[in-house]
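Me: Could you take me through one part of this model in some detail? I'd like the place where two of the chains meet, plus some background on one chain.

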Amino acid sequence: MVENVNSAAPPMMQWATDLFPIHRSLTGEGVRETLAYIEHLLPLTVHEVSTGTKAFDWTVPKEWVIREAYVEDAAGNRVIDICNSNLHVLQYSKPFWNRVMRAELDAHLYSLPYQHNAIPYVTSYYKEQWGFCISHRQRQALPDGEYVVKIDSELKDGHITYGELVIPGQEQTEVLLSTNICHPSMANNELSGPVVVTALAQWLASEPRRHTYRILFLPETIGALTYLAVNRPEFVFQGQHRLLGREIIAGYQVVCCGDERTYSYLPSRKGNTLADRAAIKALRGANIYHGANTPDCTIYSYLDRGSDERQWCAPGIDLPVGSIMRSKYDTYPEYHTSLDDLSLISQKGLEGSLAVYKRAIEIIEANRTYKVTTLGEPQLGKRGLYPTESTKDTWAKVQDILNLLAYADGTNDLIAISDIIGVDVMSCAKIAETLREHGLLESK
Amino acid sequence: MVENVNSAAPPMMQWATDLFPIHRSLTGEGVRETLAYIEHLLPLTVHEVSTGTKAFDWTVPKEWVIREAYVEDAAGNRVIDICNSNLHVLQYSKPFWNRVMRAELDAHLYSLPYQHNAIPYVTSYYKEQWGFCISHRQRQALPDGEYVVKIDSELKDGHITYGELVIPGQEQTEVLLSTNICHPSMANNELSGPVVVTALAQWLASEPRRHTYRILFLPETIGALTYLAVNRPEFVFQGQHRLLGREIIAGYQVVCCGDERTYSYLPSRKGNTLADRAAIKALRGANIYHGANTPDCTIYSYLDRGSDERQWCAPGIDLPVGSIMRSKYDTYPEYHTSLDDLSLISQKGLEGSLAVYKRAIEIIEANRTYKVTTLGEPQLGKRGLYPTESTKDTWAKVQDILNLLAYADGTNDLIAISDIIGVDVMSCAKIAETLREHGLLESK
Amino acid sequence: MVENVNSAAPPMMQWATDLFPIHRSLTGEGVRETLAYIEHLLPLTVHEVSTGTKAFDWTVPKEWVIREAYVEDAAGNRVIDICNSNLHVLQYSKPFWNRVMRAELDAHLYSLPYQHNAIPYVTSYYKEQWGFCISHRQRQALPDGEYVVKIDSELKDGHITYGELVIPGQEQTEVLLSTNICHPSMANNELSGPVVVTALAQWLASEPRRHTYRILFLPETIGALTYLAVNRPEFVFQGQHRLLGREIIAGYQVVCCGDERTYSYLPSRKGNTLADRAAIKALRGANIYHGANTPDCTIYSYLDRGSDERQWCAPGIDLPVGSIMRSKYDTYPEYHTSLDDLSLISQKGLEGSLAVYKRAIEIIEANRTYKVTTLGEPQLGKRGLYPTESTKDTWAKVQDILNLLAYADGTNDLIAISDIIGVDVMSCAKIAETLREHGLLESK
């Protein structure tokens, strides 16, 4: 599935390339521009929530405007300039325009001693300061002397902006897909998430679905909290896995899914939710191998979390949200630096993630709890489901059917039956559908 | 226990030898003749249920009469004849009498390419056709030319026939023992089951028992379903392990228990029922070893099932029925062929199975949940249960008693206590009975 | 913690040395003298319960007085004399004064063939007889001839005597600490228990505690049973872990805790009670190592029990009582012989046990079940709990806080959270207290 790149797959790599240069941050024009691009691909609703709005323990911050940010040396050369990389400015820097000596400048520089060539990605959303992020090599080479620093930024009352798309399904159950749009020019973390979610949403909308899909493009942390807080009237949590109006049966925080390295999974806080079970089946069931000695998938612990599952899974919210990823944030060397650029991800890498997410969703759509309608084994033969001659060899052929019937007792869903009888869950779903058509199973 | 063949053991091998030639099938005279033989050994009640009777999803089939079945070559030699082996005819063959060419005949032949000398056992209960089963060696040697085929059979409205024996016990609890009487001349599968059950029933009837024993000699599948369906008014299932009138606390489907190879156990669908726990104790507790490198017992999964536990354990019926076997059906090379003859089984093999079944039943009879009657440890010394001098060495001698008392808290039955304290369950039962006599335990 | 002997630690070794020569038995002056010594260290209440009082299945025995016990040879030499070791007399010997021949004397001698030099400790509380305990070497050397045996003892109506101290706490929950005072001159089993409990009680009384501590100095078995029986009106057990007035949340039977060999733990009958969980944390969390290849602690099974947990944990009483020990009774060669003398224990060994018990109690005092007060993650930054700049490196620093918050959902206590997040339980308690002060956690 992964190896056969679908020629009809959406041009996710192109979307990522188009979105890469936009100067996104937690709030502001970069986020709006990004959502506007996605609106051409999906019928998004864009919401704006005012600065100062309470979101549980948090408050929607001021909106950040960044027009110019550079450092000039005494000769007037712009030695640092966000025109070259929008990682160069400390995110949420306050405005600053002055001459500074090399030593004073240095106190406002961020670099990585052990990654000489990487510009780090640094933010200061909640403390007003100014700064520049540069490669350590450049920092060490900056000569003494006077510099002109200019940061033409503004922190003003404005909004936080996010996109939402609800694709209605046939039943009163909902699946949540969430991704982040607050990162500036980085590719795996995070343009891979928005482009895979966009492709997933197009696919979900292409035919009728059993469940409703709620798709969110959010600034990280405060975006998720704001979403939960402002939707609270109709979106209050009633214990585990439930919203007031709908049951969220599963969800995924889609991040870091663009490179071609190993797959990985970060489970929900409670673990063993439908999201977790479907994801593991999707990852293990597919032909996802990278060579004889490479495991097909790294399974992390919820202790390794670091994206918006921190909010979705928090106590009292308790949504069943995990993350299917390629190289997980915080585990690959290019993470949160300028090295996480477009060369790190690929159409093939994105399509692999898309395929696994599709498969997880197909499993969620197909998963049902069935109960056999007969007492005793049904007579398969009269329905053409059993070979008419019984020999040593023919018995094996109906074993899967009989095993599924044996465990379809109204307590095991198909994922559980798949585990018990050792048959792929989608094959179980096909068998179950055939048996349902013959009146031998009923869905509970 | 296995090695010491009991000289007083019933002549099971003789019974098997007497029953072997009878031409049994799902219905008909062979079944009646078999039950008539067993009636000389046990006070069976023989039941007949009419063709066409509904049994849940199934219908009692027509009764099959087979008078003659042979193939003559052009020279008038009977090259195939059920007089030589009653496996030669496809079970439930329709009548046929005609000349056929070698090629046409071949379309009606069944043989096993990889077992040259074996006549396979093939049935076609639910599709009307005709055929012969022969060794592959013979099939390959049959010359071209014309043959006379005669099958003088009849499919007529009649009955399905089964035997039942209820041995009443002292309490309102019941144990089910079921075996099959529908196989023609094969020994391990299946004459071993009926003869071991017959011996078990004689032993059960020989002294008062705590539980009632319901013993069934049934044609496989349709026999079990029919039994359940026709007895439904007083035999309806009320959830797990319960009949309307009585609680079935355990049961065994007795099959494939005549050879001297390893023991095996097939657990009930739910597993860990009393039937399963007693069987495992019986198999592991006995001195059942076959040499240094042979495991004493193979434990199968319910996925490996294949006899009437398929009906007893089906969802909604949910009886706690497992199978203690020697060489399990479908796992030994002679299975369902003419090679499964009397040479495959032995009196010693049958007695081993009988001994394990007796031990399982003794465990079920002895198993109780006790509660200690004192607060704090009882004073064993004043009852003569404790050495009067306390030294380093004497403590160990009363450990088993004290350990049993420590866990006899009204929640653990003796099998559970045996597992906890590491003492054989029948030894636990002896200790418990002594303590009960001293007023220190009460049965719940 | 073990290696750094606290210079302010109480002089437990001195107490043990003072108490060693006293001739203790199940009842009588030795017990009273021992309790009188402890009364100088703790405000004990001493209780006496009359001979003949019923204690569940037992009866308080007569009080034993022992004035003289010796054996003289024909030359008038006292070859055995309790003046030399008070183990020499069979505990609870009846009075005897007569001439006996060597052979008759031998029937009343107790010795250990495989421990030539050890005088065994033997009791006969519940059968009236007389005897002497001597080393096997001495027994073999005793020449033929006539001896004068004198045991000036008395079994009279009297009392059983025990000490009790209740240190009130702030909440309606109680911790039980129990130890034995019935053993004559043996050091690890049993003077280590009383002196460690005495030191623990002094420490507990030195500052306010959350829980009440009930501290008992009891003769073994009958002492515990008597305590339970006579306190029944206000001390009746209401199922698991509950007394009528108070909830016993944890308890320890303090025995065999004076030598410097490995630590060990004997869990409560139910296992996994708060007593067990705190003890394991205390033993595993401390720097308790004895070299590279020595495990820090041996964990026994309740099947290995042998002290008053037999009564505290009995069905229907069901108190959550375990034992933190050094060399467990019945496992070290000197056990229950004259070799278990003061040389076997040390101030360092006693202080190690004291330290582990203190740590277990600190864990019990600190352990609470918290619930986070916010929906979604709280904003740590505005409370100074989060670094204001987010880089690759700073995230790790707040992981422990965030992990604790993630699992503080009102179902996990701190011990459980410690296991989940891999942070020492006392560190968890410190984090939780900080978060509670900031209003982010509430105790349930």
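Here is the part in question, followed by some background on a single chain.

Reply: Sure, and keep in mind that this is a predicted model. Let's go straight to the interface of chain C and chain B. On the chain C side, 31 residues take part in the contact, and chain B puts in 26 residues. Put the two chains together and about 2,400 Å² of area gets buried between them, with carbon and sulfur atoms giving 48% of that. As for charges, the rule finds four salt bridges across this interface. One that you can pick out by name pairs Arg310(C) with Glu377(B), where the closest N and O atoms sit 2.6 Å apart. The cut-off for such a pair is 4 Å, so Arg310(C) and Glu377(B) at 2.6 Å fall within it.

Now the background, for which I'll use chain A. Its fold has 12 helices and 19 strands, and the C-alpha trace spans about 95 × 50 × 35 Å along its principal axes. Chain A runs to 444 residues, and 62% of them count as buried. If you look at the contacts in chain A between residues at least 6 apart in sequence, 80% of them join residues at least 24 apart.

On the outside, chain A has an accessible surface of about 16,500 Å², and carbon and sulfur atoms account for 49% of it. Its charged side chains come to 42 positive and 54 negative, and the centres of those two sets lie 4 Å apart.

Conventions: Residues numbered from 1 in each chain as written. Chains lettered and ligands numbered in written order. Predicted model: local features only at pLDDT ≥ 70, side-chain atom pairs only at ≥ 80, totals over all residues. Heavy atoms only, no water. Helix = DSSP H or I, 4+ residues; strand = E, 2+ residues; numbered from the N terminus. Buried < 20%, exposed > 50% of the residue type's maximum accessible area, 1.4 Å probe, protein only. Contact = heavy atoms within 4.5 Å. Areas by Shrake-Rupley, 256 points an atom, 1.4 Å probe, with all protein chains shown as cover. Lys, Arg positive; Asp, Glu negative; His and termini not counted. Charge placed at Lys NZ, Arg CZ, Asp CG, Glu CD. Buried area = accessible area lost by both parts, 1.4 Å probe. Salt bridge = Lys/Arg side-chain N within 4 Å of Asp/Glu carboxyl O.
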